[in-house]
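The following paragraphs guide the reader through a protein structure, from its aromatic side chains to its charged pairs and its pocket. Please keep the sequence and the model in view while reading.

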Amino acid sequence: MPDWLQTAKGPDPTTYALSAWLFLRLLGLIYVAAFLSLAGQIHGLAGRHGILPAADLLASCERLGRRRFYRVPTLCWFSASDGFLSVLCWSGVVLALLLAFDVAPLPALICLWVLYLSLFRVCSLFLSYQWDVLLLETGFLAIFLAPPELAPQFPPMRAPPLIIVWALWWLLFRLMFSSAVVKLRSGDPAWRKLTALRNHYETQPLPTRLAWHIHKFPLGFHKASAVFMFAIELVVPFFIAGPDAARHVAAAGFVLLMILIEATGNYCFFNLLGIALSVLLIEDRALAGLLGRLFPFLPAYWAAPSAPLRWICLAVVLLVFILSVEPALRLFRVGFTWPKPLARFIAALAPFHLVSSYRLFALMTSERPEIIVEGSNDGVEWLAYEFNCKPGEPKRAPRFVAPHQPRLDWQMWFAALGYFEANPWFFRFLMRLLEGSAPVLGLLKENPFPAGPPRFVRGVVYDYRFTTRAERWMAGAWWKRERRGLYSPIVERGERGM
């Protein structure tokens with residue numbers, strides 16, 4: 001059997017048993033954050049009285065007949081009730097904790113992937129972010145890293161299949177490299193002139209307080225930051241294919257970039273996933289040197305994985321490679337079409353998101369339109385609904401909430417960049433407010449109508465900007481805003497849907 005397919009015994013070959021063990025513990029914590037964050041929002045997003053009920057989505061798929069089960073793979077075909085959605089979320093939390101504590105890692109990883117895919121499919125719009133598909137892709141490959149024992153020993157006695165480690169490196173390479181390429185190929189002059197980050201801190205979906213301060217730095221700093229970012233995303237990924245020392249540099253660069261992004265913006269568990277994947281770049285000898293004082297009983301070498309597992313992993317990686325060819329070529333706008341039988345096979349696997357494309361901030365927004373949702377009982381006096389995290393009241397400071405993701409707040413940012421007619425979910429959201437839906441109101445910070453829902457609701461667009469240091473000192477406000485006009489028509493209680 002070729003060396004690249006197996007991990008031989010002995011102290012000389014490079015192995016990744018410790019890094020895989022640490023990676024799986026981090027992945028368990030990421031799954032905890034993902035399911036726990038969603039558990040508190042699932043009824044308002046996809047419950048019976050939520051904005052986009054899962055039951056309605058599944059009902060619309062009935063026309064597909066039996067094909068619906070693989071076109072929309074989800075356990076919610078058994079039930080789409082609020083209780084079942086909660087069971088999926090909280091089961092995910094429990095299984096993720098088992099994974100984090102290295103209890104039954106293999107069955108836990110399989111179940112976690114199935115559970116997250118199930119929620120991903122029925123939450124549609126609200127789980128359509130790139131870190132959601134990144135978690136699915138990472139979680140699928142992680143299954144083949146896990147030891148089969150229900151109670152694995154520490155330190156691990158068996159090294160993971162090297163080919164699966166390579167597949168996760170390939171995922172990390174695609175994530176970083178494609179993020180740089182799409183920026184350069186977008187034609188956005190802000191990226192070409194290295195001025196994009198001057199706007200980024202202010203216009204990103206959910207900035208932190210630190211973003212307000214960094215936004216005040218001179219243009220030269222922002223240009224230097226853009227150069228540093230492009231170096232990490234465009235050049236450093238190639239270090240993954242280099243010697244151990246080069247991979248260590250890549251891991252350090254990726255982790256530093258992830259920490260900087262995490263400090264200035266709320267990007268859910270994306271940054272944690274990037275850090276976890278970067279850990280796999282560090283081989284056992286380097287980690288043993290770091291952990292030797294804490295765990296002096298680390299073995300000198302790890303046993304090779306079993307032969308059947310190695311062949312299974314080879315088949316999985318070949319599948320991943322085939323699925324990633326078209327997205328990789330599309331990144332460079334190269335046309336490519338598989339033979340029809342293989343193309344049909346690839347299309348059949350698409351709903352499972354085994355491989356995805358990543359296009360992080362290809363275009364940089366230079367303005368920040370913000371939708372303020374207001375209600376009224378008389379059409380004259382309007383009161384604003386305050387959201388948990390997105391900008392609203394100018395004196396309310398930006399918050400740090402990651403790895404939690406307030407999904408409605410995020411979707412409001414995207415809605416503000418488009419038109420009301422292009423976001424039919426927003427009308428459903430307004431209708432739920434007029435109904436006084438408790439799960440939807442639970443997604444908000446404040447309900448200005450505690451006695452009962454208002455008669456009218458509307459969306460108003462404001463232009464938001466960070467205040468200057470002087471304005472912040474004088475008025476105590478983090479934001480300044482200017483009214484643009486109505487985002488949506490006024491909706492009255494009892495009005496029929498779009």
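A residue is called buried when its relative accessible area is under 20%, exposed when that value is over 50%, and partly exposed in between. The model discussed here is a predicted one. With these limits, Phe332, which has a relative accessible area of 38%, is partly exposed. The terms return throughout the account below.

The aromatic side chains offer a starting point. A pair of aromatic rings is described by the distance of the centres and the angle of the planes. A search of the whole structure yields 35 aromatic pairs. One of them joins Phe126 and Trp425 in an edge-to-face arrangement, with 5.9 Å from centre to centre and 80° between the planes. Phe126 belongs to the loop between helix 6 (105-123) and helix 7 (130-142), while Trp425 belongs to helix 19 (residues 424-435), so this pair ties together parts that are 299 residues apart in sequence. Phe126 has a relative accessible area of 1% and is therefore buried. Trp425, at 4% relative accessibility, also counts as buried.

Phe332, introduced above, takes part in another pair. Its ring and that of Phe177 are tilted, at 6.2 Å centre to centre and 40° between the planes. The angle is neither under 30 nor over 60 degrees, which is why the pair counts as tilted. Phe177 is found in helix 8 (residues 162-185) and Phe332 in the loop between helix 16 (307-331) and helix 17 (340-349), so the contact ties together parts that are 155 residues apart in sequence. On the helix 8 side, Phe177 is buried at 12% relative accessibility, whereas Phe332 is partly exposed at 38%.

Aromatic residues also gather in a group. Tyr129, Trp131, Tyr267, Phe270, Phe361, Trp410, Trp413 and Phe414 make up one aromatic cluster. Elsewhere, rings are accompanied by lysine side chains: Lys183 lies over the face of Trp191, at 5.4 Å from the ring centre, and Lys390 lies over the face of Phe387, at 5.0 Å from the ring centre.

One member of the cluster, Phe270, leads to helix 14, where it is among the buried residues. How many residues of helix 14 are buried? Of the 10 residues in this helix (residues 270-279), 8 are buried, so the helix is largely enclosed by the rest of the structure. Besides Phe270, the buried residues are Asn271, Leu273, Gly274, Ala276, Leu277, Ser278 and Val279. The elements that cover them include helix 1 (17-39), helix 7, helix 8 and helix 13 (244-264).

Charged side chains form another set of links, with a count of 20 salt bridges. In one of these, Arg68 and Glu62 meet at 3.7 Å, N to O. Arg68 is buried at 16% relative accessibility, while Glu62 is partly exposed at 44%. Another salt bridge joins Glu326 and Arg330 at 3.9 Å, N to O. These two residues are 4 apart in helix 16, so about one helical turn separates them. Glu326 is partly exposed, with a relative accessible area of 29%, and Arg330 is partly exposed at 48%.

The salt bridge between Arg458 and Glu374 spans 2.8 Å, N to O. It links distant parts of the chain, since Arg458 is in strand 5 (residues 456-466) and Glu374 in strand 1 (residues 369-376), 84 residues apart. Arg458 counts as buried at 12% relative accessibility, and Glu374 counts as buried at 9%. Salt bridges also connect Glu202, Glu367, Asp463, Arg465 and Arg484 in a network.

The last feature is an open space. Rolling a probe the size of a water molecule over the atoms shows where empty space is left. The largest pocket holds about 870 Å³ of space. Among the 41 residues that line this pocket, those closest to its centre are His200, Ile261, Tyr267, Leu360 and Phe361. Tyr267 and Phe361 are also members of the aromatic cluster. At least two lining residues come from each of helix 7, helix 8, helix 10 (196-203), helix 11 (209-215), helix 12 (219-235), helix 13 and helix 18 (407-416). Helix 13 gives the most to the lining, with 6 residues, and helix 13 is also among the elements that cover the buried residues of helix 14.

Technical notes: Residues are numbered from 1 along each chain as its sequence is written. This is a predicted model: local features need pLDDT of at least 70, side-chain atom pairs count only at pLDDT 80 or more; totals for chains, interfaces and linings use all residues. Side-chain values use heavy atoms; hydrogens and water are left out. Rings of Phe, Tyr and Trp (its six-membered ring) pair if their centres lie within 6.5 Å; planes under 30 degrees apart count as stacked, over 60 as edge-to-face and the rest as tilted. Buried means under 20% relative accessible area, exposed over 50%, partly exposed in between (1.4 Å probe, protein chains only). A charge sits over a ring if NZ of Lys or CZ of Arg is within 6 Å of the ring centre and within 35 degrees of the ring normal. Contact means heavy atoms within 4.5 Å. A salt bridge is a side-chain nitrogen of Lys or Arg within 4 Å of a carboxyl oxygen of Asp or Glu. On a 1 Å grid over the protein atoms alone, a cavity is a set of points where a 1.4 Å probe fits but cannot get out, and a pocket is an open set with protein on both sides within 12 Å along at least five of seven lines; lining residues have an atom within 4 Å of a point. Grid points are joined across faces, edges and corners, and a volume is the space filled by probe spheres set on the points.
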